[in-house]
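Hello,

Here is the structure I promised to pass on. Please have it open while you read; my notes follow below.

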Amino acid sequence: MSKPPLTLYLAAPRGFCAGVDRAIKIVEMAIEKWGAPVYVRHEIVHNKFVVDSLRDKGAVFVEELDECPDDRPVIFSAHGVPKAVPAAAAKREMIYVDATCPLVSKVHIEAQRHADNGLQMIMIGHEGHPETVGTMGQLPDGEVLLVETVEDVATVQVRDPAKLAFVTQTTLSVDDTADIVAALQTRFPGIVGPHKEDICYATTNRQDAVKAMAPKCDAMLVVGAPNSSNSKRLVEVGARAGCGYAQLVQRATDIDWRALEGIGSMGITAGASAPEVLINEVIDAFRDRFDVTVEQVVTAEENVEFKIPRVLREPA
């Protein structure tokens with residue numbers, strides 16, 4: 001039997017960003033330098049395939065520092081940690097490596113600078129997400145107030161409306177965040193924003209690619225983890241941009257083929273913590289069932305690279 005034809009649109013950029021790539025290399029280089037086990041506080045990035053691969057190499061993933069022994073290295077995840085965590089590691093004289101994405105660290109520095117200038121912070125982010133927890137943990141309790149929606153802006157209680165600044169999680173929806181920022185600026189006209197957008201280049205680029213691709217597609221899949229903020233935002237962006245069916249899948253085995261019966265065009269992208277091997281696995285699954293023609297939808301070229309911490313570049 002001949003297979004039905006399918007145009008498969010592949011978003012570019014997609015998948016790994018520079019911060020994720022750096023964080024994974026940090027774990028691999030730490031295992032190479034100090035031997036296994038190396039402890040990692042929280043999933044290094046939000047992707048089960050990546051975490052399982054590193055676990056097989058000798059990484060032990062824990063949620064809190066007190067689960068780590070004093071005599072083994074510990075790595076802090078790409079999402080960042082509250083200031084109290086490296087302080088506790090230093091007090092215990094542990095070897096630790098901070099794999100926080102440099103673009104998240106930029107937000108941390110920004111928050112501290114505003115606080116030093118006497119401003120109370122408002123953070124736009126998702127409650128409980130490790131990046132939000134890490135950023136809010138840069139300053140004492142009460143100095144960072146969290147808003148998640150435009151509605152939250154109307155009820156947030158601030159110390160002094162004339163002394164406010166805002167920062168954002170780096171993996172948010174660009175459009176949603178713009179609405180929240182507008183609401184903040186309407187309610188607090190003097191609020192100080194970041195010098196440069198906090199939402200990172202990779203999040204913005206992947207959302208732009210989805211916006212360009214979605215109107216062409218009968219359906220769209222985002223390869224990514226259910227706890228990955230940037231991956232979930234891509235699903236939302238695809239649906240809003242005109243794609244009637246947009247779903248998140250971790251792997252090809254998660255695809256609901258019955259929901260895709262009769263499609264003629266398919267969009268595929270991946271969150272910033274999803275490796276290309278999983279994207280290729282999904283493409284191969286479509287090739288098994290359809291006569292596939294692949295078209296790239298390119299909206300940006302990425303060549304960002306972040307330095308590995310010096311402690312890993314020095315001899316053991």
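How close do the axes of α1 and helix α2 come, and at what angle do they cross? One point before the answer: this is a predicted model.

**The helix pair**

The two axes come within 10 Å, and they cross at roughly 10°. Angles under 35 degrees count as roughly parallel, so α1 and α2 are roughly parallel to each other. From α1, the contact uses Ile24, Val27, Glu28 and Ile31. From α2, Val50, Leu54 and Lys57 take part. Sorted by class, that contact holds 5 nonpolar and 2 charged residues, with no polar ones. For orientation, α2 covers residues 48–57.

**The sheet**

Next, the strands. An open sheet is built from 4 strands, and its order is β3-β2-β4-β5. The pairing is parallel. β3 (59–62) and β5 (96–98) are the edge strands. Each has a single partner strand, so one side of each has no neighbour in the sheet. On average, neighbouring strands are turned by 25° against each other, with direction ignored.

Take the β4 and β5 pair in particular. β4 spans residues 74–76, and 3 bridges join it to β5. These two strands run parallel. Ile75 has Val97 of β5 as its bridge partner.

Helix α1 (residues 18–34) packs on this sheet. It touches β2 (38–41), β3, β4 and β5. The direction of α1 makes about 160° with that of β5. So α1 meets both the sheet and α2.

**Loops worth a look**

Two cis peptide bonds turned up, each leading into a proline. One runs from Ala12 to Pro13, with omega near 5°. Pro13 sits in the loop between β1 (5–12) and α1. The other runs from Ala36 to Pro37, with omega near 0°. Pro37 belongs to the loop between α1 and β2.

Two non-glycine residues have positive phi. His42 has a phi of about 70°. Its place is in the loop between β2 and α2. Glu93 has a phi near 60°. That residue is found in the loop between α3 (84–91) and β5.

Are these two buried or exposed? His42 has 14% relative accessibility, so it counts as buried. Glu93, at 70% relative accessibility, counts as exposed.

**Gln207**

Last, a residue further along the chain. Gln207 lies in helix α8, which covers residues 201–213. With 1% relative accessibility, Gln207 counts as buried. What does its side chain have as a polar contact? A polar atom of the Gln207 side chain lies 2.9 Å from the backbone oxygen of Leu172. Leaving out residues up to four places away in sequence, Gln207 touches Leu172, Ser173, Val174, Arg233, Leu234 and Val237. Leu172 therefore appears twice here: as the owner of that backbone oxygen, and among the residues that Gln207 touches, with Gln207 itself counted as buried.

If you want a viewing order, start with α1 and α2, whose axes cross at roughly 10°. Then turn to the sheet that α1 packs on. Finish at Gln207 in α8.

Best wishes

Notes:
Residues are numbered from 1 along each chain as its sequence is written. This is a predicted model: local features need pLDDT of at least 70, side-chain atom pairs count only at pLDDT 80 or more; totals for chains, interfaces and linings use all residues. Side-chain values use heavy atoms; hydrogens and water are left out. Two strands pair if DSSP finds at least two bridges between them. Axes are lines fitted to C-alpha atoms, for helices over the stretch in contact, and angles run from 0 to 180 degrees between N-to-C directions. Contact means heavy atoms within 4.5 Å. Angles under 35 degrees count as roughly parallel, over 145 as roughly antiparallel, 65 to 115 as roughly perpendicular and the rest as oblique. Ala, Val, Leu, Ile, Met, Phe, Trp, Tyr, Cys and Pro count as nonpolar, Asp, Glu, Lys and Arg as charged, and the others, Gly among them, as polar. Buried means under 20% relative accessible area, exposed over 50%, partly exposed in between (1.4 Å probe, protein chains only). A polar contact is a pair of N or O atoms within 3.5 Å; within protein, one must be able to donate a hydrogen and the other to accept it, and residues adjacent in sequence count only if both atoms are side-chain atoms.
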